Amino acid sequence: MDVFESVLGDLAGGRVLNVATKEGGFVQILMESLKDYTEIVGIDINDRAIERARDILGQEDVRFLVMNAEQLDFEDKSFDTVSISASLHHLSDIQRVLEEMKRILKPGGHFIAAEMHQDGQTEAELTSVYLHQWVAEVDSALGRLHNSTLARQELTDYIASLGLSNVEFHDYIDRDSDPMEKARIEQLKGLIERVIQRAEGASNYSEFKERGEELRKRLLEVGTQREPILIVIGEK
Ligand SMILES: C[S@@+](CC[C@H](N)C(=O)[O-])C[C@H]1O[C@@H](n2cnc3c(N)ncnc32)[C@H](O)[C@@H]1O
């Protein structure tokens, strides 16, 4: 069984919000994994991403809105479930967004967060962690908001600050996939190539290029496995 199905499969979602939804990748997971839901609303600050999300997933009970997560345009206690995935390290004010999500959550409602983190254990996992850090640094040098992924402890500290109850932590760790899987290696080689090209616009291009080449060497030597993901579910 898929990890999200096993973690979310017994949860009746009710009215669900997904924050920083981009093209709705996590909305799709919620649609497939929750026991049921009455409505899912995805919000993102990027209007082009929201247009694509509408094209891909929009339907009567799945809606997408352009909105800043730091100032959610919803009443207090108006959702049964709130969620955020793979996005905390893309926010300029994580605490403010988490507090906003809690504000609009009904008492007894569920708070779901899924986020990759830095604490890889195997060399293959660390390849993904280092790659993501390098991409984040290139993006930042180009003026795009992309911080380094957080440490697992930082994630649990943010969650603790919300004072939720019945909090469950699920570590989603990739230990079974083949680190040298050809298709994945080729995919990441392509990514490295594209990011090196993207870095041409940065003032320290040669340093970024050198690090990209070191990462490609590492990828071919030790391979790769997915970054570890922490999934958190708590109640307000
Ligand atoms: C990595 S993407 C999200 C991926 C998506 N959640 C998924 O699981 O497929 C990060 C998103 O955060 C959005 N974002 C950053 N700051 C935001 C804010 N203040 N309010 C809303 N969305 C924001 C970006 O526009 C971007 O689409």
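Visitor: In which sense do strand β2 and β3 pair, parallel or antiparallel?
Guide: Welcome! Keep in mind that this is a predicted model. Strand β2 covers residues 39-44, and D44 stands opposite V66 in β3. The two strands are joined over five bridges, and the sense of their pairing is parallel.

Visitor: Which strands stand at the edges of the sheet?
Guide: Let's walk across the open sheet, where seven strands with mixed pairing follow the order β3-β2-β1-β4-β5-β7-β6. A strand at the edge has a single partner strand, so one side of it is left without a neighbour in the sheet. The edge strands are β3 (62-66) and β6 (165-172).

Visitor: By how many degrees are neighbouring strands of this sheet turned against each other on average?
Guide: The strands in question are the seven of the open sheet. With direction ignored, the average turn between neighbours is 15 degrees.

Visitor: Which strands does helix α4 lie across?
Guide: Helix α4 is made of residues 94-103, and it runs at about 145 degrees to β5. That strand is one of those it lies across; the full set is β1 (15-19), β4 (79-85) and β5 (105-116).

Visitor: Is α5 roughly parallel or roughly antiparallel to α8?
Guide: The axes of helix α5 (residues 123-141) and helix α8 (residues 205-222) come within 10 Å and cross at roughly 165 degrees. Angles over 145 count as roughly antiparallel. Therefore α5 is, relative to α8, roughly antiparallel.

Visitor: How many nonpolar residues does the contact of α5 with α8 have?
Guide: On the α5 side the contact includes Y130, L131 and W134, and on the α8 side it includes F208, L215 and V222. Sorted by class, there are three charged residues and two polar ones, while the number of nonpolar residues is nine.

Visitor: How far apart are the axes of helix α7 and α8?
Guide: Two packed helices are described by an angle and a distance between their axes. Helix α7 (residues 182-198) packs with α8 at about 175 degrees, which means that α7 is roughly antiparallel to α8. Among the residues that meet are I185, L188 and I192 in α7 and L215 and L219 in α8. The distance between the two axes is 10 Å.

Visitor: Which residues around the ligand come nearest?
Guide: Happily, we can end at the ligand, which has 17 residues around it. This shell divides into seven nonpolar, seven polar and three charged residues. The nearest of the 17 are A20, K22, G25, I45 and A69.

Key. Residues numbered from 1 in each chain as written. Predicted model: local features only at pLDDT ≥ 70, side-chain atom pairs only at ≥ 80, totals over all residues. Near = placed C-beta within 6 Å. Nonpolar A, V, L, I, M, F, W, Y, C, P; charged D, E, K, R; others polar. Axes fitted to C-alpha atoms, helices over the stretch in contact; angles between N-to-C directions. Helix = DSSP H or I, 4+ residues; strand = E, 2+ residues; numbered from the N terminus. Parallel < 35°, antiparallel > 145°, perpendicular 65-115°, else oblique. Contact = placed C-beta atoms within 7 Å. Pairing = 2+ DSSP bridges.
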